[in-house]
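Here's a quick look at a structure, with a couple of spots picked out for you. Pull it up and follow along.

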There are 2 protein chains.
Amino acid sequence: MKNLFEIDEWKIVQNHYEPSKQLQSESIFSIGNGSFGQRANFEENFSGPTLQGSYLGGIYYPDKTKVGWWKNGYPEYFAKVLNSCNWIGINLIVNNKLIDIHNQKVISFNKTLDMKKGLLSRKVTLQLNDESELLLEFDRFCSMDNPNLGVVKVNIKPKNFSGKLTAEVYLNGKVYNNDTNFNELFWNHEVSSCNKYKGHVCTSTKKTKFLQSTAMEYMVECNEKKLEVIPEVLEEPFKISNKFQIEIKENQTYTISKYVGISTNLNDAKANVVEESVRVSKNAIAIGYEELLKNHIKAWEEIWEKSDITIAGDKKAQQGIRFNIFQLYQTYTGKNEKLNIGPKGFTGEKYGGATYWDTEAYCLPFYLKTNHSLVARQLLMYRFNQLDKAIENAKKLGFKNGAALYPMVTMNGEECHNEWEITFEEIHRNGAIAYAIFNYIEHTGDKNYLINYGIDVLVAISRFWEQRFNWSEEKNSYVILGVTGPNEYENNINNNWYTNYIARWCLKYTLESQEFVNSKKISDEEIKKWNKIIKNTYLPQIANSNIFLQQDGFLDKEQLSVKDIPLKERPINQNWSWDRILRSVFIKQADVLQGIYFFEEDFDIKTIKENFNFYEPKTVHESSLSPCIHSILACRINSIEKAYELYLRTSRLDLDDYNHEADEGLHITSMAGTWISIIEGFAGIKIKNQELYINPKLPKNWNSLTFNLKVQNNTINVFFNREKLNIKNNGDKLIKVNFRKESSYLLKTEESLNITI
Amino acid sequence: MKNLFEIDEWKIVQNHYEPSKQLQSESIFSIGNGSFGQRANFEENFSGPTLQGSYLGGIYYPDKTKVGWWKNGYPEYFAKVLNSCNWIGINLIVNNKLIDIHNQKVISFNKTLDMKKGLLSRKVTLQLNDESELLLEFDRFCSMDNPNLGVVKVNIKPKNFSGKLTAEVYLNGKVYNNDTNFNELFWNHEVSSCNKYKGHVCTSTKKTKFLQSTAMEYMVECNEKKLEVIPEVLEEPFKISNKFQIEIKENQTYTISKYVGISTNLNDAKANVVEESVRVSKNAIAIGYEELLKNHIKAWEEIWEKSDITIAGDKKAQQGIRFNIFQLYQTYTGKNEKLNIGPKGFTGEKYGGATYWDTEAYCLPFYLKTNHSLVARQLLMYRFNQLDKAIENAKKLGFKNGAALYPMVTMNGEECHNEWEITFEEIHRNGAIAYAIFNYIEHTGDKNYLINYGIDVLVAISRFWEQRFNWSEEKNSYVILGVTGPNEYENNINNNWYTNYIARWCLKYTLESQEFVNSKKISDEEIKKWNKIIKNTYLPQIANSNIFLQQDGFLDKEQLSVKDIPLKERPINQNWSWDRILRSVFIKQADVLQGIYFFEEDFDIKTIKENFNFYEPKTVHESSLSPCIHSILACRINSIEKAYELYLRTSRLDLDDYNHEADEGLHITSMAGTWISIIEGFAGIKIKNQELYINPKLPKNWNSLTFNLKVQNNTINVFFNREKLNIKNNGDKLIKVNFRKESSYLLKTEESLNITI
């Protein structure tokens, strides 16, 4: 696959303008700061293909549900992440010619996303006519240092001519979502104001009444000297702008820098969002571009210090993992408990930008191991705060006694999704939410969380499972009928091994936790019933083998391999009708293997191998969440080449656009899976009862691998090379632990941290 | 259940105006003539609840598909039956007061649908003020004698006052569908014209470019004497009208009669629809109301002569069956091979008015036995004509080699429906279409149909089944995975007994037919493969019993009875979430029992009984197609009371509004099931190889039962009474066949028709 982007360890670089890849490029070069973010749309007027996108964390619109055939229980609306005020806009007219890359001759083009600095730069030389070449240099960042600040700077340099420049610096709040069900505008105009060099636009969302205010101040310079201009001040509903004209001279550099404050009332209904946004832009212009950028880069440095992974000897792999880490921290920083991690982050509108089980199954382990444990705890609190709504949701579906079913997709705790086979049946998400609590406590030892919050979530989830199991006379066991597992290429199946397994585990873990917490949240009758279910859970298995059966009837299918599918029919979800996919043996993502990954300690290597060898050849990995888990298990069973192939697929999914869908946004949540596949896969790290197990298996082209790892609030710096495998702590004091390749090593973290040299 | 309508053997009568039941009433009193039809909307202005509906057979609009989540293979559009020009409108203003039942005091109200005559009448006395009472009498019919003619007549009688009447006689072509996906107007205005006493409106459908023209002429009379008026002639796009004022005198009767010609280009793209509509209305006014009505009644008499069923001793049952027969013939007469029978006929918009498997499974037997065999043949030809599209449809889903999958819902042969579990998986419809061919030939002996048309359909359907079966190593059999059976309360199941059974039967019947036809349409390889499938079809069954298993895993469900569901939770499809319905044991409609009904000769009474007793208690009959089949089988196993209960439920489904949905239209196709439940159920008639088996079982309150029956193009008049059971032919020549109650009697029709007395 020939790629648009250069391979570089710290940068994403695009060296020519390619309209057909513009949408993908806008996604790839997206920037954000956990609080807001945006696609890499151009600042200036652009008539080529584009998907405008500027998003504010947590600000959503409940779009009326669109459905072909209504089923009882469907939610009334789908919470959409909102495309908000365009704050980057600077239109340029040079000698009466509206600058538009799509309409002018591009002599040179460079777009660079410096991931170390979190800086998006673009350098374009345009041929305006036979005599006129114009150089434009844009820089932009969403401040990691100030969650409400965005900065844009453009240098304009007429290389071989003099003339007139007209510039329009504007904010436009009249933006539509691409993904609307009934083509509505989601915003109302509240108030705006515009003066010389500044202005603001305050809009509110329909129905949800969220307020956002975007304020700008800007300045103009010539060769870094401030230039006074006389702007025309324009105001219309939703939009404000300053338009001014200046003389520009050959080979001089004219700079417009725009400082934008963005605030919302997400955290405080009474917040004066206008004042706040104005304050931020005013402060920013006073501080100045260089200083703001320095602070921003420093904030990124701190993130990289904690979470960088270095891979020596493999630039592709190195770029891939950094891109993933970079995007994850742009999307979520853990600073706000009302936020979560949408599948597309701030890079597109698809999937509504809401919370999926991806958060617990993939993202939580990433934040847990790369940052302070409070970040992961924040993600748990998000679900805890929505427990009442999860109970309400279950009640709507006929469950009682405080049983909770967390929504498949949510923004505020209410279900948004409306496909019966997903909304009502992909109930394994409840298991992942319980598992996240377990995972968090395993890593942090923070059992107080269990006492104060976790136990309530666990009990409510277990009540759901109790009611969802039913006794089968036929099987003389408890069964779970009518589910969709993580493998969404099977719908409404019976006894999905993964779902049954995690449901049973939830009951067990809740009972254990209850004992620890020593409260009386579960009745004796419930304890009795849960134990009965635990003892009699039906778990399908292939006779005379260690292979767990994905679901009842799986062996009735024609047993084919992915290699039997003609290449032109891949991906099958773009080529086969849905029924054909469903009745085929082909798997979208880890299902049995996902379960084995979660509960690895329950299975021996032989079992893992047999299951991997049975299921992996049937897996088309058409979910972005699939390859990472497979990569980890491939490491376990020593299929390092397979693991590496899958690692590249996951880490470069969007860079190399494997699934032909990067144009609509990036696969943010699956990026966490990439990180896990290095740490738990190649590095072979498992944490159990706060003990660290290490069994590294480096791919052959990796000379060394370095990263930090959080265990029990301490950071361990881990460094592997092919010759010598060491473990260091976060100071310079080395903990020398030599072990043989391929062997497992058990590190008791407390003990090891006491070792010094 | 207190009903709005009186019990009468030949009439539907409503004796008071009830706004909350107005929509249901509009459905119940619908009239039509197979070519067009309409809901019983009022002629005059009406501000109460109403669903305007005036429909033209075969005229549809391809409404862009609305779907929450697109699946590959979904059709781009859904063909909607169109709400067309309002042709009944006559607005009345008396002494400056706009007549509107909803706003005036109703002193008396009577609405009568005379099913014998096909005449809808309404008689209303309104109190306009303290001194003024106004009597209005409306009569309306859609001519059975002239498929393009509709007639409205209104008598206006000021009972105790004199004053002014302003009347507006109009046509309005600007009508919207209630059931649109994106609130579009489906019509373009083509041309219209208006003169004194007459006018026409021609409109065309967007996209499909169907033309319709509606033309009217009208006259005004006083006490049956023609009255000249001076109308104001009004024309606007889509609408034309005549508005005139006359003096009206106490106790005199003023009559407006409106003659409407309606034509379309359905059959002939070049048809001059305007001329035709004008011709019809002009001729009609020349012939005059009384004569037109006489001809209309005569046409109905001919229908009743062929298809009436009389039940002595049970008025409710009598009214029910006549209502069903009446509605069926209003909907479809077999005169046009481009038409078919929509689930709501001309009584509502729901389900798009297109063709479902209902046609073959329920309607065909009705027309086959109550009319000339050409009518049933017309229904077969409809599918034959769409074979190419069915092959195309299957191809889209990945099938090859001329395999055909007929659409679930269609207007022109292309699939319209977009729920994957139905569209792609409810494939048993293919079986019903093959069975209809078999059924037709069994009854008519018209084996030429097989040679010329039937064999092609059968081969293409069988090719589909061949490819849809797959070999299961596990079961050592051919299985069919991922289907929805007639019981739509199960989705995406494996080895639905009904589907597997009818699929195997299709293969067998096609092979037999091929032998008869003696052509080489099927390759030797195919013959071999089909025979292998026939020999090794997997048909699930409960061990040690005669009970066929609805699908794999059915016994894993909690085995409950309908009586275990609290009444307030019925119907479950309005109270339970979809997943709960799916994993419950409850059945929407006959599935195993539908199969036993189709292939009754394959099973002994003991088997039928065991299956009925296993499945019927689990069946909620929430499909209108369910009770009839159960009623028939209940007769077979001598549960006459159960059969009678189910018969009433099916025959009075809409009259008594069992499912609380008669407001959106009537269940036209299931009405045929009602007829079958009498003929094949209580009358116990089965036709096999053109031999007639009779085994009647009358409910205890039925003194006698009479009907005609078509066998091999001859009509047999069948008459049962409790004392003496006779069979007569269609003359007065009795075929005296005495037999004991409860015994089976075999009548060879040819032989018996030779018997005279």
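The notes below cover how the chains relate, where they touch, and one helix.

## How the two chains relate

Bear in mind that this is a predicted model. Chain B drops onto chain A with an RMSD of 0.0 Å after a turn of 180° and a shift of 0.0 Å along the axis. That is the relation of a two-fold axis. If you want to find the axis from chain B, look for B:V67: of that chain's residues, its C-alpha comes closest to the rotation axis, at 2.3 Å.

## Where they touch

On chain B, 40 residues are in contact with 40 residues of chain A. Two elements of chain B give two or more residues each to this side: β22 (470-472) and α14 (578-583). The largest share, 5 residues, comes from α14(B).

What is the chemistry of the side of chain B that touches chain A, in nonpolar, polar and charged residues? It divides into 11 nonpolar, 14 polar and 15 charged.

## A closer look at α19 in chain A

Helix α19 of chain A runs over residues 668-682. With 15 residues at 1.5 Å a residue, the helix should span 21 Å, and its end C-alpha atoms are 21 Å apart, so the two agree. Even so, α19(A) bends by about 30° at A:I676.

Is this helix mostly covered or exposed? Mostly covered: 15 of the 15 residues of α19(A) are buried. After the helix comes A:G684, which has a positive phi, near 65°.

Methods. Residues are numbered from 1 along each chain as its sequence is written. Chains are lettered from A and ligands numbered from 1 in the order in which they are written. This is a predicted model: local features need pLDDT of at least 70, side-chain atom pairs count only at pLDDT 80 or more; totals for chains, interfaces and linings use all residues. Helices (H or I, at least four residues) and strands (E, at least two) are DSSP runs, numbered from the N terminus. The expected span of a helix is 1.5 Å times one less than its number of residues. The bend at a residue is the angle between axes fitted to the seven residues ending there and the seven starting there. A residue is buried if 20 or more other C-beta atoms lie within 10 Å of its own, exposed if 12 or fewer, and partly exposed in between; C-beta atoms are placed from the backbone. Copies are superposed by least squares on the C-alpha atoms of residues with pLDDT of at least 70 in both. Two residues are in contact if their C-beta atoms, placed from the backbone, lie within 7 Å. Ala, Val, Leu, Ile, Met, Phe, Trp, Tyr, Cys and Pro count as nonpolar, Asp, Glu, Lys and Arg as charged, and the others, Gly among them, as polar.
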